[in-house]
Amino acid sequence: MEELSAGAAADRVHGTDSVVVPLGPGQPAAFLHALGERPRFERLVVFASLLIDLFPLFARPGVRLLSGFYGPAERALRDAGHDVHFVPADFRRFTKIARKMSARVMATAATPPDSDGWCSLSLHAGATVDELLRAGRDPERLLMVEANPKLPRTLGLGESRHALHVDDIDVLIASDREPPVLPDARSRDVERAIAGHAARFIPEGATLQTGIGGIPDAVAAILAERDGGGYGIHSEMFTTGLMKLHQAGKITNDRKGLNDGYSICTFAMGTREMYDWLEGEGQDLVRFLPVDDVNTPSLIAQNRRMVSINGALSVDLVGQVVADHLGGREYSGIGGHEDFVMGASFSEEGRSLICLPSTAGGEDGFVSRIVSEFTPTTCITTPRHQVDVVVTEQGAAELAGLTTKQRRDALIAIAHPDARDALARAAARD
């Protein structure tokens with residue numbers, strides 16, 4: 001193993017090369033910034049998702065970014081005309097993409113080695129663990145680890161150690177960059193109303209999956225304040241809201257049926273307070289597993305009373321969900337959306353909730369997020385037959401088991417009042 005600066009490590013990347021880094025908080029930021037200091041490459045292909053910074057690397061000539069999940073940085077780079085391309089895939093399929101790509105360089109963030117030589121993968125297990133190990137054990141490839149003491153040391157479970165050993169690492173890069181922080185979302189009145197409707201579907205002892213944003217944070221706040229509890233966590237992402245549920249004494253993880261005793265996730269993003277908690281009190285309460293052990297629908301379904309809470313951009317009158325495509329362009333990504341919708345629906349007493357405001361801002365006031373039909377270029381995230389419950393601030397529409405006409409009526413009833421007549425007229429023409 002060599003211990004190199006970020007700049008010296010970047011020099012180990014060839015002018016024509018391939019690099020894979022994890023999603024979001026697993027990204028080695030100092031290494032990527034050092035790569036961006038090189039003026040150009042002949043052809044560098046990088047696979048990444050949900051960039052945590054607007055890295056200059058991806059504006060350099062000769063650099064192509066393949067992304068499985070867009071965030072603000074990817075959208076900005078694309079809109080500026082840089083070589084950025086979306087790879088349609090759910091989070092689990094990132095594993096296969098990384099294996100097929102077999103990049104010469106695998107790079108990740110981690111904690112510095114402990115006394116036994118283990119670097120915790122900290123905030124991200126995700127879809128790259130196996131490929132990181134393969135790269136480290138292949139003499140033709142490079143495994144680079146950016147070791148950062150500001151990252152929390154977290155644990156895996158069972159055979160998934162959630163760590164890399166120095167014996168497998170080719171290059172160790174010292175870094176002290178602050179990890180990416182997501183501040184607490186301030187829930188608006190609309191989001192609190194949606195959360196109030198959603199909370200009606202969460203029974204005592206439910207196993208929860210939530211995502212990012214004001215709605216799931218508002219749901220967590222309601223659950224923390226109301227009577228009851230005994231909840232479990234099986235979630236792609238661990239959030240500050242879920243930490244607060246732990247702190248409120250509402251999480252016991254003793255009724256799940258799968259990985260009892262632990263909150264399970266595959267990555268985490270939140271506040272600095274949450275990162276400190278994950279390394280302290282939360283270290284033995286929250287365990288990180290690879291995405292195949294978290295997002296596989298058959299495993300999700302093994303949790304009792306599994307309740308998934310996912311967002312959406314729009315829903316049509318038959319129940320098709322668009323969560324990642326807006327105005328004919330990629331907006332975010334598929335992630336674990338459909339996996340959790342499906343898995344929760346097959347759980348014993350499970351429910352799947354799709355939550356969204358009934359309107360969005362438009363040039364002439366507002367546009368309805370409940371639409372009569374999608375345009376031909378729209379990409380569907382989750383098909384109609386997977387959808388259980390759709391929730392807006394106007395109420396909840398339980399779609400599972402309804403006829404097509406009943407679905408239309410139920411969805412029109414939770415649309416904004418000013419949009420209902422137009423939706424009803426459009427439905428009557430079908």
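**View 1. Val-389 faces Glu-398 across a hairpin.** In this predicted model, Val-389 of strand E26 (residues 389-392) sits opposite Glu-398 in strand E27. E27 covers residues 395-398, and the two strands pair in the antiparallel sense over four bridges. Together E26 and E27 make a hairpin, with two residues between them.

**View 2. Strand E26 is covered on both faces.** In a regular strand, side chains alternate between the two faces of the sheet. Here, Val-389 and Val-391 are on one side of E26, Val-390 and Thr-392 are on the other, and all four of these are buried. E26 also pairs with strand E22 (residues 351-355), this time in the parallel sense and over three bridges. If you want a spot to start looking, try Cys-355, whose bridge partner in E26 is Val-391.

**View 3. Here is the largest nonpolar core.** In soluble globular proteins, nonpolar side chains tend to be buried together. The largest nonpolar core has 63 residues, and those with the most contacts inside it are Ile-202, Leu-208, Phe-238, Leu-278, Leu-353 and Cys-355. Helix H7 (residues 214-225) chips in the most, with five residues. A second, separate core has 33 residues, including Phe-31, Phe-41, Val-46 and Phe-86.

**View 4. Zoom in on Leu-353 and what it touches.** Leaving aside residues up to four places away in sequence, Leu-353 touches Ala-198, Phe-201, Val-307, Ser-308, Ile-309, Asn-310 and Val-389. Val-389 is the residue that stands opposite Glu-398 in E27.

**View 5. The second largest cavity has helix H7 in its lining.** This cavity holds about 40 Å³ of space. Its lining is made up of Ile-202, Leu-208, Thr-210, Pro-216, Val-219, Ala-220, Leu-223, Leu-242, Leu-245 and Ile-309. H7 gives the largest share of that lining, four residues, while H7 and helix H8 (240-247) each supply at least two. Sorted by class, the lining has nine nonpolar residues, one polar and no charged ones.

**View 6. Now for the largest cavity.** The structure holds two cavities of 30 Å³ or more, and the largest has about 50 Å³ of space. Lining this cavity are Val-21, Pro-22, Leu-23, Phe-47, Ala-48, Ser-49, Phe-91, Phe-94, His-124, Ala-127 and Thr-128. Strands E2 (16-23) and E3 are the elements that give two or more residues to the lining. Eight of the lining residues are nonpolar, three are polar and none is charged.

**View 7. Helix H3 has strands over its buried residues.** H3 runs over residues 72-79, and its buried residues are Ala-73, Glu-74, Arg-75, Leu-77 and Arg-78. What covers them includes strands E3 (43-49), E4 (63-67), E5 (84-86) and E21 (329-330). After the helix comes Gly-81, with a positive phi near 90 degrees.

**View 8. The second largest pocket has a mixed lining.** Its volume is about 240 Å³. There are 17 residues in the lining, and Val-129, Leu-133, Glu-159, Ser-160 and Arg-161 lie nearest the centre. Helix H5 (129-136) and strand E9 (163-165) are the elements that give two or more residues to this lining. Taken by class, the lining residues split into nine nonpolar, three polar and five charged.

Conventions: Residues numbered from 1 in each chain as written. Predicted model: local features only at pLDDT ≥ 70, side-chain atom pairs only at ≥ 80, totals over all residues. Heavy atoms only, no water. Buried < 20%, exposed > 50% of the residue type's maximum accessible area, 1.4 Å probe, protein only. Contact = heavy atoms within 4.5 Å. 1 Å grid on protein atoms, 1.4 Å probe; cavity = no way out; pocket = protein on both sides within 12 Å on 5 of 7 lines; lining within 4 Å. Points joined across faces, edges and corners; volume = space filled by probe spheres on them. Nonpolar A, V, L, I, M, F, W, Y, C, P; charged D, E, K, R; others polar. Core = buried A, V, L, I, M, F, W, Y, C linked by side-chain atoms within 4.5 Å. Pairing = 2+ DSSP bridges.
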